[in-house]
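Got the structure open in your viewer? Let's walk through it together, one selection at a time.

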Amino acid sequence: METVKVTAETKATVVPATRKKRKLTADHWFAFSFLLPSIVLIFIFVYGFIGWTGYVSLSSWNSLVPDFSFAGLKNYAYLFSDFRFQADLRNTLVFTILFISVVIILGQFLAILLDQKLRGESIFRNIFFFPMALSFVVTGVVWQWLLNPSTGINLFLKKIGFESKWYTDTNILASLHWGKIEFGVPVAMIAVVIAAVWQMTGFAVAMYLAGLRAIPDEVREAARMDGATEFQIYRKIIIPLLRPITVSVIIIMAHISLKIFDLIYAMTGPGANFVTDVPGVYMFETTFRGNYYANGAAIAIIMLLSVALFIVPYLISSRKGES
Amino acid sequence: MKKRTMSQAVLYVICIIASLFFLMPVYVMLVTSVKPLDEVTLADMWKLPTTFDFSSYTTAFAKLAPNFLNSLYLVVPATLLSALLGSLNGYVLSKWRFKGADTIFTLILFGMFIPYQSILIPLIQFLREIGLYNTISGLVFVHVVYGIPITTLMFRNFYAAIPDEMIESAKIDGAGFLRIFRYIMIPLSLTGFVVVAIWQFTNIWNEFLFAVTITTSAQQPIMVALQNLSGSQIVQWNVQMAGALLAALPTLLVYIFLGKYFVRGLLAGSVKG
């Protein structure tokens, strides 16, 4: 790509030098002027507004009336000592880890399954993918009904000796005391993970399938020639080759799960003892229902930082990979 | 050969079990939505209805129709505008590159990953200032602005596949920025427009956070109205399921008929440019 550009520029200097060159730069400025509005919009509405939110998070604006007097890190200090926010941190961590692991394992498994040249593969593919076209709100509403305690699923599970209160369960598994909360895996969160997995696994399947299709058949052929079994081919060759895709899937799923709001808001809400609460829900309720703007802004900034932790290195490395 | 058919059968069984998991909510949704209210009990959730009763659909439709229209008024202009903006940005960033273009692109891209909570408070203040708070136009504006990163990324990827030589020779023939865009880029990226439009349509239709914070009652898009259905004291689950189905219908139809493009959009937006 670079070489093409160089030859084009040299061409421009060879022929009637000055006129041609000026025309080129004028055109470039003209082109740039079409990008400029977007740059300005992003600069204001992304970076400017993040800065403004950061400013609010350091203010005393915790009522209907804006109050920008400087409060330092008071709002952050409050949050980290707050029972609800501590529960949110635990829930986000548990949700992120469970959700990403299941999506990766299930996504990879189903993609490999679909790659076996089964007849009717496209039907299965469409079935695995379609939840992605739905809104998290729809998913939340439907799964709220499906996993309602004492429903069909539970009637069935009771017969085999397993009973679950799903998202109304307030138990924390493997709990140990930490701050004001019980640290561990809230049982109710598992219900939310199931719904999220149902919705997002198709995404991972699609990405892994694209990755599998990009691996040339010769790779497998060569391994078969060397006497490797199908299982070995996957374990030793194919799955390692899919690792860059796993990285992408982790990044994408992590940023979805760290800012998750609508699924939980529609499905369970904060839950008793905040067993299914997450920062996104807390931020929404405290800011827009409770008028604690500074607290809400502080939550938002913490969410942003947690997402940036994943995204910034990813963006930088993918830029490097490009050039 | 026998071993092969055996393992094939196992694969099919696994595929079918997985399919049941993905289709189970659809079954329950459909079955519940055509039951009369007195049959909608938790214990009978899995049973087929004894009589078909479509009254839940008429109830849901009556409640959701205005919001359904709001969503249409929102999603059509927002999709068209953000696709247009994205295509121009992608064109400049791939074919009229300048010093620092990659840095600017990365800075733009960051905007698609941020939690929107982190811009929501100033955004609402801003919309109040300019009188767009609680309006569909306000939501259109918001979706166009925050759609810039993803649409720019998608178009930049599409345009990268168009050879630079083509642009260079058009330039030598005297074509300028707009002529090249109109006569080369647009005709060659029609699929790109379809992919981006479907992607934006789906995302904006399904979006909830902006919708619930920027609009109130009469202006609310469908997803907020659907969520509000369950906010009442007694949840009529059959109406709720019918409502969920109505709300999901447009994006489901798009997926059923244009699923190929939907999946391409998904890959174009996730695999880095």
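## First stop: a threonine in chain B

Start by selecting T79(B), which sits in helix α2 of chain B. Keep in mind as you look around that this is a predicted model. T79(B) counts as buried because its relative accessibility is 7%, and the cut-off for buried is under 20%. Now show its side chain: a polar atom there lies 2.6 Å from the backbone oxygen of V75(B). Which residues does T79(B) touch, leaving aside those up to four places away in sequence? Select A197(B), Q200(B), F201(B) and I204(B) and you have them.

## Along the helix to K95(B)

Stay in chain B and pick K95(B) together with D164(B). Their side chains meet in a salt bridge, with N and O 2.6 Å apart. This pair links distant parts of the chain: K95(B) belongs to helix α2 (residues 55-95), D164(B) belongs to helix α6 (residues 164-172), and the two are 69 residues apart. Buried or exposed, K95(B) and D164(B)? Both K95(B) and D164(B) are buried.

## Over to chain A

Colour chain A by secondary structure and you'll be looking at 14 helices and two strands. Chain A has 323 residues, and 54% of them are buried. Take the contacts in chain A with a separation of 6 or more: residues 24 or more positions apart account for 69% of these.

You can also colour chain A by its domain assignment, which gives domain 1 (36-80) and domain 2 (90-289). The C-alpha centres of domain 1 and domain 2 of chain A lie 33 Å apart.

## A network of charges

Next, select D115(A), E121(A), R125(A), R213(A) and R220(A) as a group. A network of salt bridges links these residues. Side chains of opposite charge can pair when their charged atoms come close.

Zoom in on R220(A) and D115(A). They form a salt bridge whose closest N and O atoms are 3.3 Å apart. R220(A) lies in helix α9 (residues 217-225) of chain A and D115(A) in the loop between α4 (83-114) and α5 (121-129), so this pair ties together parts that are 105 residues apart in sequence. R220(A) and D115(A) are both buried.

Then slide over to R125(A) and E121(A), where another salt bridge brings N and O to 3.0 Å. Here both residues lie in helix α5 of chain A, four residues apart, about one turn of the helix. Try showing the surface, too: R125(A) is partly exposed because its relative accessibility is 25%, whereas E121(A), at 15%, counts as buried. Over all chains, the structure holds 12 salt bridges.

## A loop phenylalanine

Now find F274(A), in the loop between α12 (262-267) and α13 of chain A. It is partly exposed, with a relative accessible area of 24%. Draw a distance between the C-alpha atoms of F274(A) and N91(A): the separation is 8.9 Å, although these residues are 183 apart along the chain. For the surroundings, add F83(A), R84(A), A87(A), R90(A) and N91(A), which F274(A) touches when residues up to four places away in sequence are left out.

## Where the chains meet

Move on to T287(A), whose place is in helix α13 (residues 279-289) of chain A. T287(A) is buried, with a relative accessible area of 0%. Leaving out residues up to four places away in sequence, T287(A) touches Y292(A), Y293(A), G296(A) and, from the other chain, I121(B).

That last neighbour is your cue to show both chains. How many residues does each chain bring to the contact? Chain A brings 94 and chain B brings 95. About 8800 Å² is buried between chain A and chain B, with carbon and sulfur atoms giving 77% of that area. Look for links across the contact and you'll find zero salt bridges between chain A and chain B, but 15 residue pairs in polar contact, both partners at pLDDT 80 or more.

For a last selection, take helix α2 (residues 17-57) of chain A. With 20 residues, this helix gives the most to the side of chain A that touches chain B. Colour that whole side by residue type and it divides into 66 nonpolar, 17 polar and 11 charged residues.

How values were computed. Residues are numbered from 1 along each chain as its sequence is written. Chains are lettered from A and ligands numbered from 1 in the order in which they are written. This is a predicted model: local features need pLDDT of at least 70, side-chain atom pairs count only at pLDDT 80 or more; totals for chains, interfaces and linings use all residues. Side-chain values use heavy atoms; hydrogens and water are left out. A salt bridge is a side-chain nitrogen of Lys or Arg within 4 Å of a carboxyl oxygen of Asp or Glu. Buried means under 20% relative accessible area, exposed over 50%, partly exposed in between (1.4 Å probe, protein chains only). Contact means heavy atoms within 4.5 Å. Buried area is the accessible area (1.4 Å probe) that two parts lose on being put together, summed over both. A polar contact is a pair of N or O atoms within 3.5 Å; within protein, one must be able to donate a hydrogen and the other to accept it, and residues adjacent in sequence count only if both atoms are side-chain atoms. Ala, Val, Leu, Ile, Met, Phe, Trp, Tyr, Cys and Pro count as nonpolar, Asp, Glu, Lys and Arg as charged, and the others, Gly among them, as polar. Domain bounds come from an automatic or database domain assignment.
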